[in-house]
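Morning, everyone. I'd like to walk you through one model today, and please stop me if I go too fast.

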Amino acid sequence: MLKKIIYFCVCFVGLFFCFSCSYLEQYPREQTLVAVLNFGISDFDPILSNDYESPTVLTLVYEGLFKYDLSLKPVPSLVENWRVEDDIHYKMRIKQGVFFHNGEELKASDVKFSLERAFAYEDIAYLFKHIQKDSIKILDDYTFQFSLKHPDPTILMTLCHVATS
């Protein structure tokens, strides 16, 4: 009886691998991302995906200003360096040579656009409630600044959120 169960399991696993691999052969590998998830994501737009599961996938697709390291501390991702003055004025420089999928280079104006867009969606705007909306200024192609309404020690963690992508 045990041999029959083992034989059945081996056959089942073998058939599973045969059919699952042949299914993927119809797609060109250089243009296809295949992911197996035990949940669905709400949207591929990071602003519209403020649920628990979606950021898990979206952080593999989008890169934010900051990200968490292995000890869950915010570290720069697209930001090259930053300076804080008076605990409320932030000046950040983004990395040069970062490109979107369409070939356009990332600029500070893109960051401003993303942050201002986040303010417009109530499901995500609460994350940025400490940033003064009208304070986001472009200083040059790669440098921007913003001010907080009051000191906020969690602002770098906020900038780790996929909505800042």
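I'll start with the overall layout, then take the strands, the core, a helix, a pocket and a few single residues.

First, a caveat: what you're looking at is a predicted model. The chain has 165 residues, and 30% of them count as buried. In secondary structure, we have five helices and six strands. If you read along the sequence, the order goes α-α-β-β-β-β-α-α-β-β-α.

Okay, strands. Let's begin with E3, residues 79–85, which runs antiparallel to E4 and is joined to it by six bridges. If you want one pair to find on the screen, take Asn81, whose bridge partner in E4 is Arg93. Between E3 and E4 there's a hairpin with three residues in the turn.

That turn has a couple of things to look at. Asp86 sits in the loop between E3 and E4, and its phi is near 60°, a positive value in a residue that isn't glycine. Then there's Asp87, in that loop between E3 and E4 as well, with a positive phi of about 65°, and again this is not a glycine. So are these two buried or exposed? Asp86 has a relative accessible area of 63%, so it counts as exposed, the cut-off being over 50%. Asp87 comes in at 51%, and that also makes it exposed.

Moving on through the sheet. E4 covers residues 89–94, and five bridges join it to E6, with the two strands running antiparallel. The pair to look for here is His89 with Ser147 in E6. E6 has another partner too: E5, residues 137–140, is joined to E6 by three bridges, antiparallel once more. There, Lys137 stands opposite Gln145 of E6. The link from E5 to E6 is a hairpin through two residues.

So E6 pairs with E4 and with E5. How much of E6 is covered? Mostly: E6 spans 143–147, and four of its five residues are buried.

That takes us to the inside. The largest nonpolar core has 29 residues. The ones with the most contacts inside that core are Leu65, Phe66, Met92, Phe128, Phe144, Phe146 and Leu159. Which elements feed it? E4, H3 (108–120), E6 and H5 (155–158) each supply at least two residues of the core. H3 has the largest share, with five residues.

Since H3 and H5 have come up, here's one residue from each. From H3, take Ser109. At 42% relative accessibility, Ser109 is partly exposed, because it falls between the 20% and 50% cut-offs. Its C-alpha is 9.5 Å from that of Leu139, and the two are 30 residues apart along the chain. From H5, I picked Met157. Met157 has a relative accessible area of 35%, so this one is partly exposed too. Here the sequence separation is 85 residues, to Leu72, with 9.3 Å between the C-alpha atoms.

Now over to H2, residues 54–61. Which of its residues are buried? They're Ser54, Pro55, Val57 and Leu58. And these four cover an arc of only 160° around the axis, so they end up on the same side of H2.

H2 also matters for my last stop, the pockets. I'm going to talk about the second largest pocket, which holds about 320 Å³ of space. Its lining has 16 residues, and those nearest the pocket centre are Thr59, Tyr68, Cys160, His161 and Val162. H2 and strand E1, residues 66–68, each put at least two residues into that lining. E1 gives the most, with three residues. By class, the lining of this second largest pocket has seven nonpolar, six polar and three charged residues.

So, if you take away a picture from this: E6 has antiparallel partners in E4 and E5, H3 contributes the largest share of the largest nonpolar core, and E1 leads the lining of the second largest pocket. And keep in mind that this is a predicted model. Thanks, I'm happy to rotate things around if anyone wants another look.

Technical notes:
Residues are numbered from 1 along each chain as its sequence is written. This is a predicted model: local features need pLDDT of at least 70, side-chain atom pairs count only at pLDDT 80 or more; totals for chains, interfaces and linings use all residues. Side-chain values use heavy atoms; hydrogens and water are left out. Buried means under 20% relative accessible area, exposed over 50%, partly exposed in between (1.4 Å probe, protein chains only). The arc is that of the directions from the helix axis to the C-beta atoms. On a 1 Å grid over the protein atoms alone, a cavity is a set of points where a 1.4 Å probe fits but cannot get out, and a pocket is an open set with protein on both sides within 12 Å along at least five of seven lines; lining residues have an atom within 4 Å of a point. Grid points are joined across faces, edges and corners, and a volume is the space filled by probe spheres set on the points. Ala, Val, Leu, Ile, Met, Phe, Trp, Tyr, Cys and Pro count as nonpolar, Asp, Glu, Lys and Arg as charged, and the others, Gly among them, as polar. Two strands pair if DSSP finds at least two bridges between them. A nonpolar core is a set of buried Ala, Val, Leu, Ile, Met, Phe, Trp, Tyr and Cys residues joined through side-chain atoms within 4.5 Å.
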